[in-house]
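Please find below a few points on the model, set out for a colleague who will want to look at the ligand site and the helix beside the sequence.

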Amino acid sequence: MSKARIALVGMPNTGKSTLFNRLSGASARVGNWPGMTVELESARLLVGARMVELIDLPGLNNLHGFSEDERIARHFLETQSINALIVVLNATQIERQLAFALQIKQLGLPLILILNMADEAIRRHVLIDRDALEKALGCPVCLISAKYGHGTQAVLQALEIVLHTAQADTSSPRSTAIEALLEDDAIEAQTTALLATTVRTPQTPATTYTDRIDSLLLHPLLGIVAFFLILLGLFQIVYSVGAPLQEVLGEALETAKTAWIAPLLSPLPTPLTSFLLDGLYDGVGTVLTFLPIILTFYLVMSAVEDSGYMARAAFLMDALMSRMGLDGRAFVMQIMGFGCNVPAIMGTRVLRNPLQRRLSMLIIPFSLCSARLQVFLFFTTAIFSPQAAPWVLLSFYVLSFLVAFLTAFVWRGQIGTQEPLIMELPPYRYPTFTYLALQALREAGQFLRGAGGFIVAGVAIIWLLTHLPWGVIPASPQSWAGQIATFTAPLFEPLGIDNLLSIALMFGFVAKEVVVGALAVIYGAGPNELAGVVARSMNWQQAYSFMLFTLLYTPCLATLAAIRRESRSLRFTLASMGWSLAVAWLASFAFYQIVTR
Ligand SMILES: Nc1nc2c(ncn2[C@@H]2O[C@H](COP(=O)(O)OP(=O)(O)OP(=O)(O)O)[C@@H](O)[C@H]2O)c(=O)[nH]1
Ligand SMILES: [Mg+2]
């Protein structure tokens with residue numbers, strides 16, 4: 001039997017991706033934020049005896065959505081052959097969302113209607129007569145809680161039945177059908193009638209704990225204070241949980257090296273052992289010691305993402321952002337960039353105005369991603385006192401925002417009349433730990449897979465550059481690396497960045513994940529000794545200037561590639577790169593010249 005294709009459709013933030021993950025065991029990004037999914041995700045699952053391709057679509061606000069992510073969803077519905085649709089609604093908002101389901105029904109495809117978030121519906125006393133709704137609509141209706149896995153079995157059964165009766169949809173493109181749907185007034189009347197007979201909502205909605213929390217977190221003044229406290233709290237957690245783990249891992253790797261690996265490799269010729277131990281092992285090992293921190297970081301980030309706080313941040317910062325030609329969502333992309341700039345760049349698809357989209361793509365690369373965090377954690381712990389270190393780190397987060405705002409301010413140009421940001425604030429939701437752990441592991445895995453090749457290749461090349469021509473003192477001015485660095489020295493000397501560090505920066509252009517590993521190879525130090533060696537070889541001004549440059553210059557090739565893909569313009573990509581390089585140089589220059597005066 002041929003493979004069937006089933007797509008999940010619905011308005012943003014209704015739990016499509018959560019259900020997608022539940023049904024297929026996939027791990028698509030989920031978050032309490034409208035616009036989490038911005039591209040098609042697909043997974044396979046077995047329904048009865050049949051292999052099914054399940055597609056998770058970006059949320060649609062309505063069927064004529066104009067943002068890039070909505071266009072992607074609509075284009076899919078218009079052009080692909082689909083056997084059945086799973087329409088996901090938020091049960092607590094059925095009064096507003098049912099019309100969407102009826103519109104989709106008009107496409108004529110076999111349908112399953114999912115009323116998700118049953119748990120919240122019960123808490124809010126929203127009563128839905130599922131049987132009556134099912135009868136009236138003539139399609140299976142499931143009341144479920146995708147997040148907790150309640151009722152997903154019924155979804156699978158309904159799918160099996162629907163697929164059994166459905167013919168493969170080979171009809172020609174449905175675009176005409178979708179256009180026609182927009183005019184339909186009858187749907188409104190039908191919705192009202194249907195709601196009257198099947199849904200009962202309380203007359204006066206009770207004040208929820210969400211309202212109570214929001215009276216503080218959305219307060220124009222206290223809200224901003226709370227925002228920075230939350231931020232500070234977050235990386236205190238990262239620091240206090242991740243840093244000790246890192247130390248333990250560093251020691252373990254060092255012990256393994258001296259006790260087992262070095263003796264094992266001793267029969268090999270010296271250059272080869274040096275390459276394997278001082279190059280690959282030290283370089284890759286040093287990067288690996290940061291894995292606990294990265295993991296903690298992603299754990300904390302997904303907790304924030306899933307709590308619903310991001311939408312509040314967007315709301316809080318909207319007024320400020322609109323002065324820079326952007327809206328609050330651009331600010332949230334900036335925070336998402338803390339994890340990794342690449343998904344944040346893709347997340348700009350929710351912005352409708354193309355100029356606004358470009359402007360936010362221009363500022364996202366300044367967002368302090370987890371790879372740069374790794375560099376900063378390393379330097380702040382190596383150079384500054386334990387009391388000062390968190391504040392030094394905070395200064396980089398603040399600078400990251402300031403430079404982003406400044407960039408937006410300079411380049412806002414004539415973005416034209418802006419539509420006000422209309423965004424729904426979802427209720428606060430408790431993140432579930434299993435999900436957070438899964439998400440963090442997945443992100444860390446992606447970090448390793450994405451950067452792993454770069455890291456291995458990077459440290460290998462750095463070892464070669466610092467050790468060739470064979471016989472020179474490693475990383476001395478006579479080595480190839482030394483010669484390159486001498487050549488670029490006039491550029492970096494005024495910044496207080498010495499020859500060896502500038503080599504690390506060149507590799508950091510490919511990926512910031514390489515920087516610390518590169519330093520290990522350049523200084524010829526193992527995972528456990530590097531901090532001491534670095535502390536002895538530079539003062540705090542030089543270290544800070546180096547970090548400043550690292551914060552501001554092009555994040556990595558992957559981000560550049562994402563900008564190229566999303567902007568579809570090489571010129572814009574190069575301009576963005578040039579801008580960040582110029583800003584980085586000027587900022588480090590100004591800083592170093594001032595503090596050493
Ligand atoms: N209380 C509750 N929350 C849920 C349920 N299902 C999903 N959520 C939460 O709802 C939020 C949105 O979930 P997603 O799966 O990302 O929603 P989506 O429809 O894919 O959203 P977009 O990709 O933005 O269109 C997340 O915070 C989920 O944890 C549920 O059954 N009950
Ligand atoms: Mg989604």
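1. How far is an oxygen atom of ligand 1 from an N or O atom in the side chain of asparagine 116? In this predicted model, the two atoms lie 3.1 Å apart. Two further polar pairs can be read alongside: a polar backbone atom of glycine 35 is 2.8 Å from an oxygen atom of ligand 1, and a nitrogen atom of the ligand is 3.2 Å from a polar side-chain atom of glutamate 120. Taken on its own, ligand 1 has 650 Å² of accessible area, of which the protein covers 99%.

2. The shell around ligand 1 holds 25 residues, the closest being Lys16, Thr18, Met36, Thr37 and Asp306. By class, the shell divides into twelve polar, seven nonpolar and six charged residues. Helix H1 contributes three residues, the largest share, while H1 and helix H4 (118-123) each supply at least two.

3. Helix H1, which spans residues 16-24, is mostly covered, with eight of its nine residues buried; these are Lys16, Ser17, Thr18, Leu19, Phe20, Asn21, Leu23 and Ser24. The cover over these buried residues includes strands E1 (4-10), E2 (41-47), E3 (50-56), E4 (84-90) and E5 (111-116), together with helix H6 (152-165).

4. Glycine 25 comes after H1, and its phi is positive, near 75 degrees. Lys16 and Thr18 deserve a second look, since both are among the buried residues of H1 and both are also listed among the closest residues to ligand 1.

Conventions. Residues numbered from 1 in each chain as written. Chains lettered and ligands numbered in written order. Predicted model: local features only at pLDDT ≥ 70, side-chain atom pairs only at ≥ 80, totals over all residues. Heavy atoms only, no water. Buried < 20%, exposed > 50% of the residue type's maximum accessible area, 1.4 Å probe, protein only. Helix = DSSP H or I, 4+ residues; strand = E, 2+ residues; numbered from the N terminus. Contact = heavy atoms within 4.5 Å. Near = heavy atom within 4 Å. Polar contact = N/O pair within 3.5 Å; in protein donor to acceptor, adjacent residues only side chain to side chain. Areas by Shrake-Rupley, 256 points an atom, 1.4 Å probe, with all protein chains shown as cover. Nonpolar A, V, L, I, M, F, W, Y, C, P; charged D, E, K, R; others polar.
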